[in-house]
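I opened this model to look up how some of its helices pack and what is buried. My entries follow.

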Amino acid sequence: MGNVPENQPIPISPLMRAGTRGLPQPLTPLIGREAELAALLRLLTRDGARLVTLTGPPGIGKTRLGLAVASEWQQRTGGEVYYVPLAAVRNPAWVLSVLARTLGVPTAHGQPLLDRLVAALWGTETLLLLDNVEQVVGAAPDIAELLTRCPHLVALVTSRAVLRVRGEHEWPVPPLALPPSISASPATLAGYSSVALLVDRARAVDPTFSLTADNAASIAAICLRLEGIPLAIELAAARLKMFSPAMLSERLERGLSELRDGARDVPARHQTLSDAIAWSDGLLAPDERRLFQQLAVFVDGWTLDAAEAICAADESPMARQAVLDGLTSLLEKSLIQRTTSPDGTPRFGMLSMIREYALGHLQASGDWDSLSERHATYFLSFVETAAAHLYHATQARWIERLEQEVGNLRTALRWLIDHGDKEAALRFGAALENFWLIHDHLGTGQRWLDEILAMPGDAPPLVTAQARDALAALLVRQGEIDRARALHEVNLVLYHEVDDEALRAQTLLDLGSLHFITGDVERATTYFEDALAIGWRVGARRTVARTLNRLGEIARLRGDDAAAAARYEESLVIWRSLAEQERIAMVLHNLAPVVARLGDRPRALALFAESLSLSWELRNTHGTAICLIGIAGAISGGWATAIQAAQLLGAADALRASIGVQWEPADRAEYERSVRVVRGMLDDAAFEPAWTQGRALTLAEAVERAQRLLATPPGPSRLHRRPRTQLGGLTRREYEVALHVALGKTNREIAADLSIGEKTVEMHVSNCLTKLGLRSRAQLAAWVASSTSGQPSGASAEL
């Protein structure tokens, strides 16, 4: 291509004439790209990269960032910069000619064009900003050769597709930073670049616009819906002239069709989101376009296996290879993205606005129905495979895989229900039982199973029974005992009729659990003994282990800790042999407080630590909450330790409530016991605020706090009570303020708690630091922890 004839036709357009020595100066500020700008400048200057390609999906802001980088590069180096827009060029053979016109390289018949460009650029420090190269990537060899022959030339390329030449540094342009949630304060939201861009562009159409407490949630929701894509945010901001943020947020939830009518001075392909995506779609080969549309059947991403199973024309290796090649091409063209799952498995996805575009075309094609059926069939097989793994050592990995596929599972199950495939829907719902239980999707699972079981038509009795069992398990956790009992009683009759002893033992155990929960301990014991006998006889180890745990709970509730420990130990041996993490964690947190009361506190703390670790790995909120309760009651130490124990109790109570799980007798008794222990270490004035503060902790924060407590050597029990005389020469009020500082409270919060002024709090904090020879609030907090779990150096006081 370097020897293009002089008379090769070159289309000249107003956009191409913008190619100039120097750079266009945008009329709007660049927002939220400080980190990218700094990193790219380091790459181009310090690291010596000479071909950098900014890639990304439509509207991500490649050109805008490229202009900023080129401008800053020019200021730092003093070199020449040329802007070369190529969006209007369709033939790769014309790229060098456009570049020659931009540089003002004179014609010279008989001399190859590439040679003349080299002559013009050799020995000069120059940056070429080649904009919108995706449709002429065939010119990549010419660009690479030009760089090779001009040692001081740098090329900064913007393209939706990589050039795929040696020496290229691909730089995927990320979305703007998104707020963590819609509930964040206006001050917090303002620090996120997506919000800053929306507010800035909204003020351009309405000077009175501002981010307020009233519209903050809607502004955050708009940015989250638009996934931080600058073009989408700018188009949305223009709509704020017509709609309030709340109205626009609501409309965007129904679809992205509102994002149209962009600024007249931007390219036509950026006038609407659909135009921007259609530009990339138009560059695809027919097979690539078909795959691009087919991938819209997935919700929240997909794996390579899923794409090959659902989108391949048939099951042949050639068809699967075609899908792999297509995915690679779409990835290089920035229409899909690749991420990595926690277990290292590659995962792919589309931005929601790109998927919406592709989905519209898929639904209008003849592929929609057959592809949706294949999608449902694949994920039915997937959940049934996963179900078998949820009872083994791979439980955590498969729970995470199911969580990643929630969008696809929801879509597949909805398709089965809407198309009346009752048997498949029942199998699907029953397979998800353990996932819904372990990840605390109790209400979600119940609603699905209620709908499935209410479907018209017949299904195999045992398939229906499995779905009833799953529904009953979810109902029990939520306290709907009567409904659960009715379902189990129907199943017990069926299992007796088909003479399935293992299922009969399991149902006897479940019915016994319901009697235990409702307080009929004697009847529960009878059911448990029957289930245990049958379970041992038929080798139903899971049923035996569950029953032994239940018998341990009865003994614990009766105050017979020795008998409880024996039953729990038997259950634990079986669960460890089965390597089922969630059940191991459950028995560990049941056994630990019993072991503590029997006098072996070190082992009890070790059991708690293992249980907490397992539950946290599974992200099992219920198991974690029950573990926090036991830890709070077993930890010994000083005043600060007691405060943290009270926080754990508050956190456990809030976490349980957040998932709608109801108390079981043994768990409630343990909670009440732990509350009594911690209240015995604190007065009401200290316990209540600490418990309330604990309720605000996230699951991760509560786990981190509990792990820190478990790792702290216990202090002497005589330090449990609030010091009667303060340490370090502090007055009672100063020490009280110091305690609040140790809880992480601000001066304003302390003032409100103690009914004093902020200036007074500030004075007390200053006095504390002076008297103790400290320099910061963090040191003061550490001193408080030390003072209540052991005597700090240099201090003496009666405790």
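I began with helix H25 (residues 501-517) and helix H26 (residues 521-538), which pack at an angle of about 160° with their axes 8 Å apart. I take helices (H or I, at least four residues) and strands (E, at least two) as DSSP runs, numbered from the N terminus. Axes are lines fitted to C-alpha atoms, for helices over the stretch in contact, and angles run from 0 to 180 degrees between N-to-C directions. H25 and H26 are therefore roughly antiparallel to each other; angles under 35 degrees count as roughly parallel, over 145 as roughly antiparallel, 65 to 115 as roughly perpendicular and the rest as oblique. Their crossing is left-handed, meaning that the near helix is turned anticlockwise from the far one by less than a right angle, with right-handed if clockwise. I listed the contact residues (heavy atoms within 4.5 Å): among them are Leu 508, Leu 509 and Phe 516 of H25 and Tyr 527, Phe 528 and Ile 534 of H26. The residues of this contact divide into 13 nonpolar, four polar and five charged. Here Ala, Val, Leu, Ile, Met, Phe, Trp, Tyr, Cys and Pro count as nonpolar, Asp, Glu, Lys and Arg as charged, and the others, Gly among them, as polar.

A note on the source: this is a predicted model, in which local features need pLDDT of at least 70 and side-chain atom pairs count only at pLDDT 80 or more, while totals for chains, interfaces and linings use all residues. Residues are numbered from 1 along each chain as its sequence is written, and side-chain values use heavy atoms, with hydrogens and water left out.

Next I looked up helix H5 (residues 113-121) and helix H6 (residues 140-149), whose axes come within 10 Å and cross at roughly 40°. H5 and H6 are therefore oblique to each other, and their crossing is right-handed. Leu 114, Asp 115, Leu 117, Val 118 and Leu 121 of H5 meet Asp 142, Glu 145, Leu 146 and Arg 149 of H6. I find five nonpolar, no polar and four charged residues in that contact.

The third pair was helix H32 (residues 639-659) and helix H35 (residues 699-711), packed at an angle of about 145° with axes 10 Å apart. The crossing of H32 and H35 is left-handed. Its contact includes Leu 648 and Leu 655 of H32 and Arg 705 and Leu 709 of H35. The split there is eight nonpolar, three polar and two charged.

I then turned to single helices. Helix H29 (residues 581-597) has 17 residues and should span 24 Å at 1.5 Å a residue; its end C-alpha atoms are 25 Å apart, which agrees. The expected span is 1.5 Å times one less than the number of residues. Of the 17 residues of H29, 16 are buried (under 20% relative accessible area; exposed is over 50%, partly exposed in between; 1.4 Å probe, protein chains only). Gly 599, just after H29, takes a positive phi of about 110°.

Which residues of helix H3 are buried? I noted Lys 62, Leu 65, Gly 66, Leu 67, Ala 68, Val 69, Ala 70 and Trp 73. What covers them includes helix H2 (34-44), strand E2 (51-55) and strand E3 (80-85). Gly 78 follows H3 with a positive phi near 75°.

Last, I checked Asp 131, which lies in strand E4 (residues 126-131). Asp 131 is buried, with a relative accessible area of 2%. Leaving aside neighbours within four places in sequence, Asp 131 is in contact with Thr 63, Tyr 83, Val 84, Pro 85, Leu 86, Ala 87 and Thr 158.
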